[in-house]
Each structure stands twice: as structure tokens, then as C-alpha cells.
Amino acid sequence: MRSFDTLLTDLNGGVLLVTLNREDKLNALNKTVISELNEVMDEVYQNPEIKGVIITGSGPKAFAAGADIAEFKGLDAAEGKALARRGHDTFNKIELSPKPVIAAVNGFALGGGCELAMACHIRIAAENAKFGQPEVNLGLIPGYGGTQRMVQLIGKGKALELLMTADVIDAPTAHTLGLVNHVVPAAELISHATAMINKIASKAPVAITQVIRSVYAHFKDGMDGFEAEISLFGQCVSTEDFVEGTTAFMEKRKANFKGK
Ligand code: COA
């Protein structure tokens, strides 16, 4: 993989660690970060050596403190829409990744940072993590999927409260709301996320991809999630991994999945 201006990437044992690398700007998501994340996700889709992804931020203070506010100056409506569209394209690619993507949230996850975490399949927060959508302080609304994914994750009432008050909540509160899956000590954040990717990667890879697609179908306009599940179930039954998984169970041995 090429080296990036705003991201660090490290592929170790099939787990790709992607670190947002603008520590002096609290890893704010500028245009380059969004386009480089998009490129990384293309690699994730295509590279069979990658079995899962962890996204985190550099430094102890922030996962990402939002979209880069410095890039907002002088935007007109069309440019604002284009900026939001680019963010949506990248975050949709994360959400629909055929391989698991975990946000390892190591500090502030505000605005676009919270939206990035919500686009990942699973969120693990360090004890010092903080979450919020402060856009209304800037005369804005979230533009990278936050109004939709927050409702999906924590429900309309709580989402509307956070979106309208711009309150910043701590990790235990985010956990109670269901915004994050786990809260762990900061020093254990990456090892915890890595262990979870490895656990998921030990299952049948095609089935993992179909779980992601089937759950996504629930939220996609115009799709019937139950019908999608029926069809994806049918596709799983025609895989070699299905034969291997069920045979291994009957033979009382561990399955050896090939992702086919
Ligand atoms: N966009 C651009 N730059 C940002 C940024 C953002 N979203 N968030 C932080 N930065 C920059 C600051 O401008 C500062 O840069 P400088 O050193 O060149 O002045 C640097 O990151 C450090 O931030 P600072 O505000 O000094 O840190 P702090 O500890 O005092 O405050 C926050 C931390 C997160 C509370 C504060 O940075 C903040 O409110 N950020 C914006 C959050 C936001 O509104 N996000 C939604 C954007 S749509």
C-alpha cells in the first residue's frame, strides 16, 4: 500500500491499523483524509491479505475532532453539498466493507469524528473518549451521515437530544446509550480491537460479509431486509465454507474456512 499524507497504515497479521495522523489538528477530517480513507477502503475490499480494519487517531487526545472547520470558510451551497457527498461516499464504503471495521476511539470523537466512528461496524472506546455532534454550534448539521446513523444506533429521542443540544458525552454514557460496544483502558484499546477482529476473522468470511449486507438492508430505503436475508442465506448455503462449517461440526473438529 502506498504511503499517505494524513494516514498511517500498518498491516500486521491480516489486521490493518489505520491511524488518522493530524495530531496537531486533533485529527480533523480534511478533504485529504476523506479521500485517503476512501482509497484505503478500496484496498481493503480488494486485498485478500486484509481480514479486518481498525481505525484510530494519533496521539492521546483525539480520535477526530470533526471535519476540518478551516475548510468551511467561503463555501457556497453547491460546494457544501459536494463536501457532504464526498464524506458520505467514503463513510458508506466503510459501512459496507465486506470485512469488519472497528473504530478504536482514543479521545474526542466530535462531529465528523463521531460520524466516522458510527460508520464503523463496531466501536470500542478508551475510558477518556468523548462523543458529540456539535455542528449546531457552527450553524450546521452533521453532514457525514450523523443524523441517520445516530438514530439507528441509539434511537430517535436520545439522538435528537444530542444533535440539538450539542452535548459532549463521556465513554460510560456512550456505552449506556449503546453508542459504543465496549469501554476499555486506553492502553488496551488496540489490543482489544485486534482481538475482536481476530475473533471475527476466525469465522466463515463470506458469512461475515453477508451478515454486514443483511443488517445494512434493514436501513436502506427501498430494500426489504427480511427478503435480503432470505437471499443472502441462500447464497451462504452455496459456499464451500458452509459445507466445511457444517461438516466440521458433525465431525467434532474446528472448521478450516477458506472464504469461498
Ligand atoms: N477543525 C479544524 N481544526 C481543529 C478542529 C476542527 N474540527 N478541532 C481542533 N482543531 C485544531 C484547533 O484549531 C487547534 O489548532 P491550532 O493549534 O493551530 O490553533 C488544534 O486543533 C488543537 O485544538 P484546541 O481547540 O486548541 O484544543 P483544546 O484541547 O483546547 O479543545 C476541542 C479541544 C475538541 C474541545 C476543540 O478543539 C473543539 O471544540 N474542536 C472543534 C469541535 C467541533 O466543533 N467539531 C465539529 C466540526 S463540524
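These are my notebook entries on a predicted model, covering its ligand site, its two sheets and two backbone oddities.

**Entry 1: the ligand site**

I began with the ligand and asked which residues come nearest to it. There are 17 residues around the ligand, and Lys25, Lys61, Ala65, Ala67 and Ile69 come nearest. I then sorted the shell by class and noted 10 nonpolar, 2 polar and 5 charged residues.

Next I looked up some polar contacts. The side chain of Lys61 places an N or O atom 2.6 Å from an oxygen atom of the ligand. For Ala65, the backbone supplies the polar atom, which is 3.0 Å from a nitrogen atom of the ligand. Ala67 also uses its backbone: an N or O atom there lies 2.9 Å from a nitrogen atom of the ligand. How much of the ligand does the protein cover? On its own the ligand has 860 Å² of accessible area, and the protein covers 58% of that.

**Entry 2: the six-stranded sheet**

I traced the strand order here and wrote it down as β1-β2-β3-β5-β7-β10. The sheet is open, with 6 strands and mixed pairing. Which strands stand at the edges? They are β1 (7-12) and β10 (182-184); each has a single partner strand, so one side of each has no neighbour in the sheet. From one strand to the next, the twist averages 20 degrees.

A reminder to myself: strands of a sheet pair through backbone hydrogen bonds, and the pairing can be parallel or antiparallel.

I walked through the pairs in order. β1 and β2 run antiparallel and are joined by 6 bridges. If you want a spot to click on, Asn12 stands opposite Val15 in β2. These two strands make a hairpin with 2 residues between them, and Gly13 in the turn has a positive phi of about 60 degrees. I also checked cover on strand β2 (residues 15-20) and found 5 of its 6 residues buried.

On to the next pair: β2 and β3 run parallel, with 6 bridges. Here Thr19 stands opposite Thr56 in β3. Strand β3 (residues 52-57) then pairs in the parallel sense with strand β5 (residues 101-105) over 3 bridges. Val53 has Val101 as its bridge partner in β5.

**Entry 3: a closer look at β5**

Is β5 buried or exposed? I found 5 of its 5 residues buried, so the strand is largely enclosed by the rest of the structure. I looked at each face too. Val101, Ala103 and Val105 lie on one side, Ile102 and Ala104 lie on the other, and all of them are buried. Strand β7 (residues 122-126) runs parallel to β5, and 4 bridges join the two. In that pair, Ala103 stands opposite Arg123 in β7.

**Entry 4: the four-stranded sheet**

I then turned to the other sheet. It is open, with 4 strands in the order β4-β6-β8-β9, and its pairing is mixed. Why is one side of β4 and of β9 left without a neighbour in the sheet? β4 (62-64) and β9 stand at the edges and have a single partner strand each, so one side of each is left free of a neighbour in the sheet. Strand β6 (residues 108-110) and strand β8 (residues 130-132) pair in the parallel sense, with 3 bridges. My marker for this pair is Leu110, whose bridge partner in β8 is Gly132.

**Entry 5: two residues with positive phi**

Background first: most residues other than glycine have a negative phi. I picked out two residues that go the other way.

Ala166 is not a glycine, yet its phi is positive, near 60 degrees. I placed Ala166 in the loop between α5 (156-165) and β9 (169-170). Is Ala166 buried or exposed? Its relative accessible area is 9%; buried means under 20%, so Ala166 counts as buried.

Lys252 is the other one, with a positive phi of about 55 degrees although it is not a glycine. I found Lys252 in the segment after α10 (240-250). Its relative accessible area is 76%; exposed means over 50%, so Lys252 counts as exposed. My note on the pair reads: Ala166 is buried, whereas Lys252 is exposed.

Definitions and conventions. Residues are numbered from 1 along each chain as its sequence is written. This is a predicted model: local features need pLDDT of at least 70, side-chain atom pairs count only at pLDDT 80 or more; totals for chains, interfaces and linings use all residues. Side-chain values use heavy atoms; hydrogens and water are left out. A residue is near a molecule or strand if one of its heavy atoms lies within 4 Å of it. A polar contact is a pair of N or O atoms within 3.5 Å; within protein, one must be able to donate a hydrogen and the other to accept it, and residues adjacent in sequence count only if both atoms are side-chain atoms. Accessible areas come from the Shrake-Rupley method with a 1.4 Å probe; for residues, only the protein chains shown count as cover. Ala, Val, Leu, Ile, Met, Phe, Trp, Tyr, Cys and Pro count as nonpolar, Asp, Glu, Lys and Arg as charged, and the others, Gly among them, as polar. Two strands pair if DSSP finds at least two bridges between them. Axes are lines fitted to C-alpha atoms, for helices over the stretch in contact, and angles run from 0 to 180 degrees between N-to-C directions. Buried means under 20% relative accessible area, exposed over 50%, partly exposed in between (1.4 Å probe, protein chains only).
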